[in-house]
Amino acid sequence: MKREMTIPFVDLKAQRLSIREEIDGAIADVMDACAFIKGSHVEQFEREFVAHCKAGHCVGVGNGTDALFLALKAFGVGPGDEVLVPAMTFIATAEAVTMAGAVPVFVDIDPSTYTLCPADLQKKLTPESKAVIPVHLYGHPADMRAIGDIASAKDLVVIQDAAQAHGASLDGKPLSAFSPCACYSFFPSKNLGAYGDAGAVVLNDAARAGHARKLSNHGRDNKYIHEFEGVNSRLDGLQAAVLSVKLRHLDRWTKARQDVAAFYDAGLSGAQGITPPARAKGAGHVYHLYVLQCDKRDDLRAFLSAKGIATGIHYPIALPFMPAYAAKQHRPEEFPVAHALQAKGLSLPMFPELTQRQMEYVVQAIREWSDSL
Ligand SMILES: *Cc1c(COP(=O)(O)O)cnc(C)c1O
């Protein structure tokens, strides 16, 4: 099989072109209204997004990292507290904990779903444990029932990192049914992406949401009366207007991602040396990423690259082994599953606009590699 095409890992341009008029109209609207910070476009998006999440309240903020930080603060997490986070995630999950003045404690992941392992969570609890942040990694919901049981026995706050999981569900229920708070990122390449940085804290409780909102806006809701010091992390009008347009397409895009995943699953089933991603029973997976495992990952990656197929690695170094956390002196044996995934995980091209021909080409190339083993 010759190199016949080039397939990007994500194609933001294809999506931009498909909704060009709608977006440009919405942007012009914000510009004409000069509603740059807060304002009606932000309020409208918050209403629409909270309805999509089937939750109580949505606080639009500057980005997903701030969403996690503000959520931790809103639930009173701070100095002296430990917060349990998965060993395999984007660094923001742990960074937000440190930003809040608490200490991130790493928990290994489950070998089939790649999300926080409840058994290891149980082992990592100490009297200082205050909160846990399950991450719905790659769009697969974490094991919220088992995590919830452990959390309620220990009175832990459960803050979900849903940065990769807009619209994900578990046993037919939305993520909001499983804990009082979930945090979202609208980084451009996320399943729901803005045209810049943006994020949201989605909460079930009104008082907590009001507090998070004040925290995000200099500790106030009245112009110059500050009840306490907060930060400046607000959703801006332009991003909100873009997000409102894109939210109307999200369910269709999610379905397209699930169709791509189903095609990959079928095409790769039985391929030697390839372990496609698993989906737990009842998991409404939204496939932010399609991450397979392969012992000869780097060889496969180079082969696909030569065929014109871009792939990604999420993530090449698990958090306990990051230079940023070197002071913790973690060893691979402490996080065997995360350590294996960093060497074996390979993310295939995944975006809603992937064409049938592109998907076929990806599967055909992987099978060619696999057949030559
Ligand atoms: C993207 C991401 C974040 C952070 O979001 P930003 O908007 O980039 O700050 C947090 N957690 C996870 C798992 C993410 O993928």
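Reader: What volume does the largest pocket have?
Author: Happy to start there, bearing in mind that this is a predicted model. The largest pocket is an open one, and its volume comes to about 470 Å³.

Reader: Which residues are the closest to the centre of that pocket?
Author: The lining counts 29 residues in total. Helix α4, helix α5 (92–99) and strand β8 (181–185) each supply at least two of them. Closest to the centre are Phe90, Gln164, Phe187, Lys190 and Tyr315.

Reader: Tyrosine 315 is joined to histidine 314, but is that peptide bond cis or trans?
Author: Tyrosine 315 sits in the loop between α10 (297–306) and α11 (336–344). Most peptide bonds are trans. Here, omega is about 10°, and the bond between histidine 314 and tyrosine 315 is cis.

Reader: Which helix gives the most residues to the largest nonpolar core?
Author: That core has 48 residues, and those with the most contacts inside it are Leu72, Val83, Met88, Ile159 and Val201. Apart from it lies another core of 28 residues, including Met5 and Phe351. The top contributor to the 48-residue core, with 7 residues, is helix α4 (residues 64–74).

Reader: Which residues does methionine 88 touch, leaving aside those up to four places away in sequence?
Author: Good one to look at in the structure, since Met88 is among the residues with the most contacts inside the largest core. Its contacts include both partners of the cis bond, His314 and Tyr315. The full set is Ile109, Leu137, Tyr138, His314, Tyr315, Ala318, Ala338, Leu341 and Gln342.

Reader: How are the buried residues of α3 arranged when seen down its axis?
Author: The buried residues of α3 are His41, Val42, Phe45, Glu46, Phe49, Val50 and Cys53. On the other side, Arg47 and Ala51 are exposed. The buried ones line one face of the helix, because they fall within an arc of 155°.

Reader: What span should α3 have, and what is the distance between its end C-alpha atoms?
Author: Helix α3 covers residues 40–53, which makes 14 residues. At 1.5 Å a residue, the expected span is 20 Å. The end C-alpha atoms agree with this, being apart by 20 Å.

Reader: Is aspartate 155 buried or exposed?
Author: Aspartate 155 lies in the loop between α7 (144–154) and β5 (157–161), and its phi is positive, about 60°. Its relative accessibility is 68%, and the cut-off for that class is over 50%, so aspartate 155 counts as exposed.

Technical notes. Residues numbered from 1 in each chain as written. Predicted model: local features only at pLDDT ≥ 70, side-chain atom pairs only at ≥ 80, totals over all residues. Heavy atoms only, no water. Core = buried A, V, L, I, M, F, W, Y, C linked by side-chain atoms within 4.5 Å. Buried < 20%, exposed > 50% of the residue type's maximum accessible area, 1.4 Å probe, protein only. Helix = DSSP H or I, 4+ residues; strand = E, 2+ residues; numbered from the N terminus. Contact = heavy atoms within 4.5 Å. Expected span 1.5 Å × (residues − 1). Arc of directions from axis to C-beta. 1 Å grid on protein atoms, 1.4 Å probe; cavity = no way out; pocket = protein on both sides within 12 Å on 5 of 7 lines; lining within 4 Å. Points joined across faces, edges and corners; volume = space filled by probe spheres on them.
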